[in-house]
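Student: Could you take a close look at one part of this model with me, the packing of its interior? I would like to start from a single residue and work outward from there.

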Amino acid sequence: MQHATWNAIESSSVAMSVYRSYRRLLPSSARALLRWLAMPRWNAAAALVRHRAANTVLSGPFRGMHLSLTPVSSRNLLGYLLGTQEIELHDVVRQVIARDYPRIINVGAADGYYAIGFLRQMPRTEVTAFEGALEHHAGLLRTAVLNGVCARFTLKGFCHPDDLGAELAELPGPTLVLADIEGGELDMLDLIKVPRLSSVDILVETHDAFVPNCTEKLKARFSGTHNVEQIVARPRSLADFPKAIIPELSKFMPRTAVELMNERRTGTQMWLYLTAKRQPEVEAVGVEEKSNSDRGNL
């Protein structure tokens, strides 16, 4: 479904009621046929992308990663396959890879785009992924197997602040917390509930549309302990499309190619990359001990 169409449905309680009835009463095969009849151009383009991608990421820092998307993601979030999903974060993703964190904790792993993507690019890293929606679990585990990273991948269910705190207490070295939890970030990323957050790096998708002023509250909360980088979403353009891999769409259906990259956002999407101003205490102790040892050898 095109983003504008979905927005129109979402904005009307009557339309949403009709849509829910349509999904409840009609089998998936009938809905698929109706989608093709209503939007043949869109569905033909989407089918071409899925065929050409063959469940792998076509561009960007995770290019070549095998995916096992849920039916909803495969139908509506083709940016995962195109490699344009959250393209604004590509520079941050490369920074994360360069920093070579020993551990990443991914709260809200969904289809595993980041959890598995980082594991492929960071062969010395271990990832613990929390995902509360159990329907994602089979796909996450399958994606880990397809990419040969399951030995370094741990999957858990819903994450509470106490769970995050317990996970961080076991990690002695540099750690990245990656959070995308649909408005739950203010409760989860709490320095009082999880004090260890003061010394780990954090990449969080914020949801001001769900929790007003969430981004500014998090910036204020972490300004004393972290360097704060804010990333703001931008519209997609034809230049973002992997034209070398699917030239037919960019040449003959340029507007559809751009629309296929639409991420179905509500409002202006933002992210925060928070890098800790001090290293974990255990590392500081290690540095101090080494310094004392060096002085003793003089």
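**A look inside, starting from A53**

Tutor: With a relative accessible area of 2%, A53 is buried, since buried means under 20%. Please keep in mind that this is a predicted model. A53 belongs to helix α4, which covers residues 40-53. Leaving aside residues up to four places away in sequence, A53 touches L58 and L81. A partner from far along the chain is I245: 192 residues separate A53 and I245 in sequence, yet their C-alpha atoms are 8.9 Å apart in space.

Now to the nonpolar cores. The largest one has 51 residues, and L82, V96, F118, F153, L249 and L260 have the most contacts inside it. Helix α8, residues 113-121, gives the most to this core, with six residues. Take L260 as an example: not counting residues up to four places away in sequence, L260 touches W42, A45, A46, V49, L78, G79, L82 and L249. A second core, separate from this one, has 22 residues, including F130, L168, L218 and L272.

Helix α9, residues 137-146, is a good place to see how a helix packs. Its buried residues are H137, G139, L140, T143 and A144. Viewed down the axis of α9, these buried residues fall within an arc of 165°, so they line one face of the helix. Among the elements that cover them are α8 and β3 (153-156). Just after α9 comes G148, with a positive phi of about 65°.

Positive phi also turns up away from glycine. Most residues other than glycine have a negative phi. A110 has a phi near 50°, and this residue sits in the loop between β1 (103-107) and α8. With a relative accessible area of 24%, A110 is partly exposed. E182 also has a phi near 50°, and its place is the loop between β4 (175-179) and α11 (185-188). E182 is partly exposed, at a relative accessible area of 48%.

Finally, here is a spot where the protein leaves some room. The second largest pocket holds about 300 Å³ of space. Its lining has 17 residues, and R234, P235, R236, N262 and E263 lie nearest its centre. Sorted by class, the lining of this pocket has seven charged, five polar and five nonpolar residues.

Definitions and conventions:
Residues numbered from 1 in each chain as written. Predicted model: local features only at pLDDT ≥ 70, side-chain atom pairs only at ≥ 80, totals over all residues. Heavy atoms only, no water. Core = buried A, V, L, I, M, F, W, Y, C linked by side-chain atoms within 4.5 Å. Buried < 20%, exposed > 50% of the residue type's maximum accessible area, 1.4 Å probe, protein only. Helix = DSSP H or I, 4+ residues; strand = E, 2+ residues; numbered from the N terminus. Contact = heavy atoms within 4.5 Å. 1 Å grid on protein atoms, 1.4 Å probe; cavity = no way out; pocket = protein on both sides within 12 Å on 5 of 7 lines; lining within 4 Å. Points joined across faces, edges and corners; volume = space filled by probe spheres on them. Nonpolar A, V, L, I, M, F, W, Y, C, P; charged D, E, K, R; others polar. Arc of directions from axis to C-beta.
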